[in-house]
Amino acid sequence: MLDTVKYLIGSAGPSGFGSKSTAEAVTATCPDLHQITAIITGATSGIGAETARVLAKRGARLVLPARCLKAAEELKARVSEESPRSEIIVLPLDLSSLSSVRSFVSRFLSLHLPLHLLINNAGKFSHEHAITEDGIEMTFATNYLGHFLLTKLLMNKMAETAIKTGIEGRIVNVSSSIHGWFSGDWVQYLDLLTRKKIPYDATRAYALSKLANVLHTMELSVRLKEMGANVTANCVHPGIVRTRLTRDREGFVTDLAFFLARKLLKTIPQAAATTCYVATHHRLQGVSGKYFADCNETSPSSSAINSQEAKRLWLMSELLVSSPLALRLDNSVASVRLCQDDDSLETAGLRMSS
């Protein structure tokens, strides 16, 4: 009850910020970002667009991957009008396509730019069951797997940039508190969902993708540390906000739901605050593998702090992005199931390859 009251009145937490803080407010005292290059996915609208606007206002160079280049160019024009000195680069990217992710990374690396910030913000709530060209369920592919591959392919670049510039790199994964709504065996569920062996539940599919975002963050932070990289990885819950994420199901029912929840809703500037805080604030120097909401560290669900599950997800994801299409899901499911009965993920991987 007390937490709800604090949320509603915007009471500041230990960071000095709270639910009513805006992206501009949390970055007001951050260092000049003119040396910073940031990639922000899903920046053509909503939280991503506000994140891009504010970081550009603070001086960051922006690289905006977009499926709809027209929308990205329109955002670039709006941001440039407010911040005429901003440098904004638009590149094509469809996160549901692994080949598109690889093409984007290749294009970006060819620019020979540094990379300090990677903000994995894009999200999709699909009300209809769909399978990508890679044979993966659409929501999981767009919200998680595409970001997994994008991050994997850019990790070395970020580590190199941190060494050359002396500036800590930061990866921010945008998740949701809805990740706690998923329960059960996520491996089996994804397998059955992809093969259409169970009815499609849009909310549960979305919750699984958001759980994957948190688990990815936890394992990513471990691997970055093992690399000796001066790069952190953290996860954020932006809050409840009405954005284009609900565009597939606009109408009376959606309008009514948001009307009834209006006291809990954040504005888009407020929803972008936690992302911008985690991406830029000096207080978070060296902080990694954490989960934030309302610009303060908090705890995710119990399922999201299981290190073994995080490792299993990483292994499955490695197989999903590397195996031939016909073998991808079967190999991944077999591998992660093997891990359930084995203390060593490395041993499981060896068995799969033998």
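**Aromatic pairs**

I searched the whole structure, a predicted model, and found 7 aromatic pairs. I looked at Tyr144 and Phe148 to begin with: the ring centres are 6.0 Å apart and the planes make 40 degrees, a tilted pair. I noted that 40 degrees falls in neither the stacked range, under 30 degrees, nor the edge-to-face range, over 60.

I checked where the two residues are placed. They are 4 residues apart in helix H6, residues 138-165, which means that about one helical turn separates Tyr144 from Phe148. I recorded both Tyr144 and Phe148 as buried.

I then asked which kind of pair Phe148 and Trp314 form. The centres are 5.0 Å apart and the planes stand at 80 degrees, so I entered the pair as edge-to-face. Phe148 belongs to helix H6 and Trp314 to helix H12, residues 307-322, so this pair ties together parts that are 166 residues apart in sequence.

I looked up the accessibility of both partners. Phe148 has a relative accessible area of 0% and is buried. Trp314 has 5% and is buried as well, because the cut-off is under 20%.

I listed the members of the aromatic cluster here: Phe140, Tyr144, Phe148 and Trp314 form one cluster.

I also made a separate entry for a charge over a ring. The charged end of Arg204 sits over the ring of Tyr189, at 4.4 Å from the ring centre.

**H6 against H12**

I turned to the helices that carry Phe148 and Trp314. I wrote down two values for the packing, because two packed helices are described by the angle between their axes and the distance between the axes. The axes of H6 and H12 come within 11 Å and cross at roughly 85 degrees. H6 and H12 are therefore roughly perpendicular to each other, since the range for that label is 65 to 115 degrees.

I listed the residues that meet. From H6 they are Phe140, Tyr144, Leu145, Phe148, Leu149, Lys152 and Met155, and from H12 they are Leu313, Trp314, Met316, Ser317, Glu318, Leu320 and Val321. I sorted the residues of this contact by class and got 11 nonpolar, 1 polar and 2 charged. The aromatic cluster residues Phe140, Tyr144, Phe148 and Trp314 appear in this contact list.

**H8 against H12**

I asked at what angle helix H8 and H12 pack. The angle is about 90 degrees, with the axes 8 Å apart; H8 covers residues 202-227. H8 and H12 are therefore roughly perpendicular to each other.

I listed this contact too. Ala212, Leu215, His216, Glu219, Leu220 and Arg223 of H8 meet Glu309, Ala310, Lys311, Leu313 and Trp314 of H12. I counted by class 6 nonpolar, 1 polar and 4 charged residues in the contact of H8 with H12. Trp314 is listed in the contact with H8 and in the contact with H6.

**Ala273 and H11**

I moved on to Ala273, which is placed in helix H11, residues 273-280. Its relative accessibility is 1%, so I entered Ala273 as buried. I checked the rest of H11 and found that 8 of its 8 residues are buried, so the helix is largely enclosed by the rest of the structure. Among the buried residues of H11 are Thr274, Cys276, Tyr277 and Val278.

I looked at what lies around Ala273. Its C-alpha atom is 7.6 Å from that of Pro238, and the two residues are 35 apart along the chain. With neighbours within four places in sequence left aside, Ala273 is in contact with Ser21, Thr22, Ala23, Val26 and Cys295.

**The loop between S7 and S8**

I followed the contact from Ala273 to Cys295. Cys295 is in the loop between S7 and S8, and its relative accessibility of 1% counts as buried. I looked up its phi, which is near 65 degrees, a positive value in a residue that is not glycine.

I found another positive phi in this loop: Asp294, not a glycine either, has about 50 degrees. Asp294 lies between strand S7, 291-293, and strand S8, 296-298. I kept both entries because most residues other than glycine have a negative phi.

**Whole chain**

I closed with totals. The protein chain has 14 helices and 8 strands. Of its 354 residues, 54% are buried. I also looked at contacts between residues at least 6 apart in sequence: 76% of them join residues at least 24 apart.

Definitions and conventions:
Residues numbered from 1 in each chain as written. Predicted model: local features only at pLDDT ≥ 70, side-chain atom pairs only at ≥ 80, totals over all residues. Heavy atoms only, no water. Phe/Tyr/Trp six-rings, centres within 6.5 Å; stacked < 30°, edge-to-face > 60°. Helix = DSSP H or I, 4+ residues; strand = E, 2+ residues; numbered from the N terminus. Buried < 20%, exposed > 50% of the residue type's maximum accessible area, 1.4 Å probe, protein only. Lys NZ or Arg CZ within 6 Å of the ring centre and 35° of its normal. Axes fitted to C-alpha atoms, helices over the stretch in contact; angles between N-to-C directions. Parallel < 35°, antiparallel > 145°, perpendicular 65-115°, else oblique. Contact = heavy atoms within 4.5 Å. Nonpolar A, V, L, I, M, F, W, Y, C, P; charged D, E, K, R; others polar.
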